[in-house]
Amino acid sequence: QPPPLVDLGELGPVRCKRCKAYMNPFMQFIDGGRRFQCVFCSAATDVPNEYFAHLDHTGRRSDCYNRAELCLGTYEFVATKDYCKNGVPPKEPAFIFMIDVSYNSVKSGLVELICDKLKSEILVNLPKEANADESEIRVGFVTYHKELHFYNVKSSLTQPQMMVVSDLEDMFVPLVDGFLVKLSESEAVIDSLLSQIPQLFAESKETELVLGPVIQAGLDALRSAERAGRLYIFHTGLPTAEAPGKLKNRDDRKLLGTEKEKTILTPQTPFYSKLGTECVAAGCSVDLFLFPNQYIDVATISDISRVTAGNIYKYSYFQADVDGERFIEDLKTSVKRSQAFDAILRVRTSTGIRPVDFYGNFYMANTTDVEMASIDSDSTVCLEVKHDDKLSEAEGAYIQVAVLYTSVTGQRRLRCQNLSLNCCSQMADLFRSCELDVLINFFAKQAIRTCLNANPKQVKEHITNEVAQILACYRKNCANPSSAGQLVLPECMKLLPLYANCVIKSDSISGGSEITTDNRSYLMHLVNGMDVKMTNVFFYPRLLPVHNLDLESSEFPVALRCSIERLEDSGIYILENGLSMFLWVGLNVNPVLIQQIFGVPSAAQIDIDKAQLLQLDNPVSRRLCELIAKIREQRSRYLKLTIVRQRDKLQPWFDHFLVEDKGMNGGSSYVDFLCHIHKEIRSILS
């Protein structure tokens with residue numbers, strides 16, 4: 001259920017006077033309920049009169065089950081003016097759609113597709129409160145190539161008005177009134193605008209692009225309207241035109257996997273990260289939808305989305321008829337999902353532990369506040385908590401995460417999440433309660449950070465070393481004495497070597513010249529913001545046999561281990577890793593099955609360039625299409641389907657997702673890595 005919203009009126013959230021922690025179920029009430037003792041810093045704070053309640057015979061407040069903040073782990077407070085910028089309540093947020101109308105963008109069908117679907121599929125899905133009739137989000141529209149075009153879509157106009165700004169050095173928005181509007185009020189004008197844009201630029205021959213001024217314009221528009229919000233930028237190429245944020249083509253994928261790779265994985269200019277910090281201050285988040293046909297320098301331009309907690313989507317060699325559905329689904333999800341703006345997140349912990357490091361896509365001006373220009377249901381912050389003082393088994397440890405944000409209706413709110421954890425003094429108890437998937441998520445993010453400062457060899461050695469140390473520690477302190485030749489693993493860490501090897505071999509961390517520089521940077525950006533469910537399938541893909549589906553059931557088939565040995569040439573398999581999906585077809589599949597699924601008599605006749613599988617009128621085809629739809633539903637990005645025939649040109653690329661086998665660039669197989677780890681453990685212990 002959604003977290004309940006607590007409104008304490010003028011009083012505002014009740015907090016500890018010393019460490020400012022918010023009221024939660026772990027606070028102890030003392031003095032007959034007149035004061036409470038903080039679970040984080042032990043200070044005693046007077047209870048405000050209007051918040052007072054008597055205690056029962058166990059020392060609990062009589063109203064504890066009537067107040068969310070006294071009995072639940074997660075709840076929200078309505079924030080008072082003190083929590084707003086300059087003491088003024090915020091306005092409703094805005095979305096600005098900024099469409100690249102250069103030659104490539106028009107030719108690929110992108111401009112037409114956006115204008116065709118924006119109203120019917122995207123704007124109707126603007127986020128709103130659970131019981132509201134319409135969304136309160138304001139919308140604005142810009143088109144650009146090497147100059148910018150702003151549109152006045154004020155409801156009183158019969159036709160939209162276009163204003164062109166070609167002075168890019170000092171970017172400003174030429175209109176305040178009529179640029180950001182409510183969909184319901186300006187519907188007719190917006191419809192008219194979207195039908196005109198493709199005609200206006202149908203003959204566009206402009207190939208030079210800018211990007212810096214586009215972001216500056218969006219930022220200026222939100223700032224002058226005093227609204228937080230999001231820029232949706234649909235962009236097709238390297239910004240090479242003379243303007244702020246101009247980039248040069250420095251691509252050299254031969255460097256990937258070598259000592260020098262960080263020269264092309266780090267930004268070529270600080271421009272986008274500086275601009276990002278200005279955006280954060282205004283609560284402006286930037287989502288980049290990239291449609292490159294060649295190098296676009298993701299390493300540099302992704303900074304704007306990293307710093308502003310935005311998302312990046314990339315569709316290489318985009319063709320509207322092939323990739324259109326995937327792009328529109330991604331855009332729809334991005335607009336529709338529950339989200340908030342201008343957020344600050346702070347973590348408080350009880351004595352003995354403290355947060356020391358934060359990983360993810362956001363901005364930190366100091367060591368405690370995580371600033372996110374936007375936050376949505378897929379945003380993830382990973383933090384490392386250090387144990388730096390005595391902990392007692394009796395008292396346990398407590399963590400509170402508070403997020404102050406502006407809701408989609410423009411209300412300032414505070415969401416609190418509380419956790420109470422057990423402490424133990426026995427090493428064996430610790431190993432019994434490890435959460436492997438979280439550990440792998442953390443190792444991956446640490447490795448991404450290391451990639452930018454060290455060489456690939458150091459990155460791999462660091463992970464291998466950590467794994468060996470953890471397992472050696474278990475062997476030394478917890479395992480029954482056994483012969484040195486045996487590898488002893490703790491129950492919930494059995495797969496640590498397997499997953500660690502997958503992280504080391506992953507394209508995001510050791511992608512060499514077989515992938516593009518942009519893809520490597522794109523994956524690094526994604527991994528940095530992945531949640532645990534996503535890293536779990538990203539590093540160890542899901543492999544499902546689909547040639548013998550139970551047609552009566554709607555359950556998932558049992559997954560197989562990712563190794564070529566598991567594939568039979570008479571089988572058909574789905575492999576997915578949360579970003580892409582493959583349908584592998586063996587050469588000896590029963591022709592009847594091929595006919596039922598693909599509508600052709602043999603595997604050799606399957607059209608593998610098609611990106612979708614048509615649903616045919618038979619139970620096998622229906623069941624397979626349902627399964628694919630179900631997998632897509634579980635993921636936050638729409639999975640593109642690629643059909644791979646056994647021993648075809650795509651087979652080597654498919655094989656490298658079979659992570660238990662030897663990888664490209666000398667990546668070890670699981671068995672080899674396990675032997676290597678065993679050797680390391682023995683050398684640590686001896």
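Throughout this tour, a residue is called buried when its relative accessible area is under 20%, exposed when that area is over 50%, and partly exposed in between, with a 1.4 Å probe and protein chains only as cover. The model is predicted, so local features need pLDDT of at least 70 and side-chain atom pairs count only at pLDDT 80 or more, while totals for chains, interfaces and linings use all residues. Residues are numbered from 1 along each chain as its sequence is written, and side-chain values use heavy atoms, with hydrogens and water left out.

**First stop: Thr158.** Select Thr158, in the loop between strand S8 (148-152) and strand S9 (161-165); helices (H or I, at least four residues) and strands (E, at least two) are DSSP runs, numbered from the N terminus. Thr158 has a relative accessible area of 71% and is therefore exposed. If Glu568 is selected as well, the two residues are found 410 residues apart in sequence and 64 Å apart in space, C-alpha to C-alpha.

**The whole chain.** Zoom out to view the chain, which has 20 helices and 23 strands and whose C-alpha atoms fill a box of roughly 75 × 75 × 55 Å along the principal axes. Its radius of gyration, taken over C-alpha atoms, is 27 Å, which agrees with the value near 26 Å that a compact globule of 686 residues would have; the globule rule is 2.2 Å times the number of residues to the power 0.38. Buried residues make up 54% of the 686 residues. Of the contacts (heavy atoms within 4.5 Å) with a separation of 6 or more, 72% are accounted for by residues 24 or more positions apart.

**Ala79.** Next, select Ala79, which lies in the loop between strand S5 (74-78) and strand S6 (94-100) and, with a relative accessible area of 13%, is buried. Not counting residues up to four places away in sequence, Ala79 touches Leu404, Arg412 and Arg413.

**Helix H8.** Move to helix H8 (residues 298-307), which is mostly covered, since nine of its 10 residues are buried; among them are Val298, Ile301, Ile304 and Val307. The buried residues of H8 pack against several elements, including helix H5 (212-224), helix H7 (271-281), strand S12 (284-290) and helix H15 (517-528). Just beyond, H8 is followed by Ala309, whose phi is positive, near 60 degrees.

**Two further positive phi values.** Most residues other than glycine have a negative phi. Select Ser42, where phi is near 70 degrees, in the loop between strand S3 (35-37) and strand S4 (44-46); this serine is partly exposed, with a relative accessible area of 44%. Then select Asp342, where phi is near 50 degrees, and which is found in strand S14 (residues 339-349); at 13% relative accessibility, Asp342 counts as buried.

**Last stop: helix H17.** In helix H17 (residues 591-598), show the side chains of Leu593, Ile594, Ile597 and Phe598, which are buried. Looking down the axis of H17, one finds these buried residues within an arc of 100 degrees, so they line one face of the helix; the arc is that of the directions from the helix axis to the C-beta atoms. To see what covers them, add strand S21 (572-576), strand S22 (580-585), helix H18 (619-634) and strand S23 (640-645), which are included in that cover.
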